[in-house]
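Biologist: I am new to reading structures, so please take me slowly through a close look at one part of this one, and then show me what else is worth finding.

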Amino acid sequence: GAEGKMVLDGFGGYRPSILLGHSVWTLGVDTKWAARPPLYGPGAIDLSAFFVKISGGRPWVAAECWRVSAVIGLLLCAWGVRRIVSLRGGKATRALVAGVANPAVLIILVGGIHNDALMLGLVVAGIALALSGNRSWGIVVCAIGVAVKPNALLAVGALAWWAWGIQWRQRAKGVLAATGAVGGVLAVSGLGLGGGFGWVHSVLSYAWVPGPWSLGAQFFGAASGWPVDAIEMVGTAVAVVLVLTV
């Protein structure tokens, strides 16, 4: 909500929310995030601004709008998981319970009102569309997920690599399609709706902030430095190997 209020007040979506001063919109913001610009994509900032606009000046209304979007994300996940597993001949109901309707997902994504839920829903739905033969729509839906949070770029890259085929010419076509889709979605959400492209600078210049799920903080007691960098690099390498070989 504070990010959306920043946009509506003319500060832009990628500056620290402490610029709002003593505002009702900053009372619930964690201090470690209030002094930093957000890492979310322009689509998420645009949604926050829209939710603030329709909230009537009540932060809890804007927050609950994001909770509704989280539920929508889980519904997209539910449809996508069933579709993907059914196409592969698996047990769709079991996959749905394990992957979506479990306490961890509901508590963290819906209870915590995380925009990750919407991003994940768009990614899973996009993959399901691609597997169903709608490759272009699958890429577009995943690209919309990128506008919510840049993490979805991993899914876009995976679809671009294998959804068009295994020949280099086919994969080149997929990469071009993915590049165009992501560029178009970010142009619309970043320029057309006012979110801007400040997230690129935020991602590149961000200082690492330890959270409760951080392996570096939990096992190494590290807030920065080589343990954090090593874990991130290993995770990235594993993801790349899976995309290229599976």
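To start with, in which helix is the place of Arg171?

Modeller: Happy to help! Before we begin, please keep in mind that this is a predicted model: local features need pLDDT of at least 70, side-chain atom pairs count only at pLDDT 80 or more, and totals for chains, interfaces and linings use all residues. Residues are numbered from 1 along each chain as its sequence is written, and side-chain values use heavy atoms, with hydrogens and water left out.

Now to your residue. Arg171 sits in helix 10, which covers residues 168-192 (a helix is a DSSP run of H or I with at least four residues, numbered from the N terminus). Is Arg171 buried or exposed? Arg171 counts as buried because its relative accessibility is 14% (buried is under 20% relative accessible area, exposed is over 50%, and partly exposed lies in between, using a 1.4 Å probe and protein chains only). Setting aside neighbours within four places in sequence, Arg171 is in contact with Ala160, Trp161, Gly165 and Ile166 (contact means heavy atoms within 4.5 Å).

From there, let us visit helix 9, made of residues 153-162, where you will find Ala155. With a relative accessible area of 12%, Ala155 is buried too. Which residues does Ala155 touch, not counting those up to four places away in sequence? They are Val123 and Cys142. Cys142 is 13 residues from Ala155 along the chain, and the C-alpha atoms of these two are separated by 6.9 Å.

Cys142 leads us into helix 8, where the buried residues include Cys142, Gly138, Ile139 and Val141. Ala143, Gly145, Val146, Ala147 and Val148 are buried in helix 8 as well. You can also check the length of this helix, which runs over residues 135-148: at 1.5 Å a residue, its 14 residues should span 20 Å, and its end C-alpha atoms are indeed 20 Å apart, so the two agree (the expected span is 1.5 Å times one less than the number of residues).

Next, some rings. The model has 3 aromatic pairs (rings of Phe, Tyr and Trp, the last by its six-membered ring, pair if their centres lie within 6.5 Å; planes under 30 degrees apart are stacked, over 60 edge-to-face, and the rest tilted). One of them is the tilted pair of Phe50 and Phe51, at 6.0 Å centre to centre and 55° between the planes. Phe50 is partly exposed at 45% relative accessibility, whereas Phe51 is buried at 9%. Phe51 also pairs edge-to-face with Trp66, at 5.4 Å centre to centre and 90° between the planes. Because Phe51 belongs to helix 3 (residues 42-54) and Trp66 to helix 4 (residues 59-87), this pair ties together parts that are 15 residues apart in sequence. Trp66 is buried, with a relative accessible area of 9%. Ring pairs thus link Phe50, Phe51 and Trp66 into a cluster.

While you are in helix 4, look for Ser69, which lies there too. Its relative accessible area is 8%, so Ser69 is buried. The C-alpha atoms of Ser69 and His114 are separated by 9.1 Å, with their positions 45 residues apart along the chain.

Note on methods:
Helix = DSSP H or I, 4+ residues; strand = E, 2+ residues; numbered from the N terminus.
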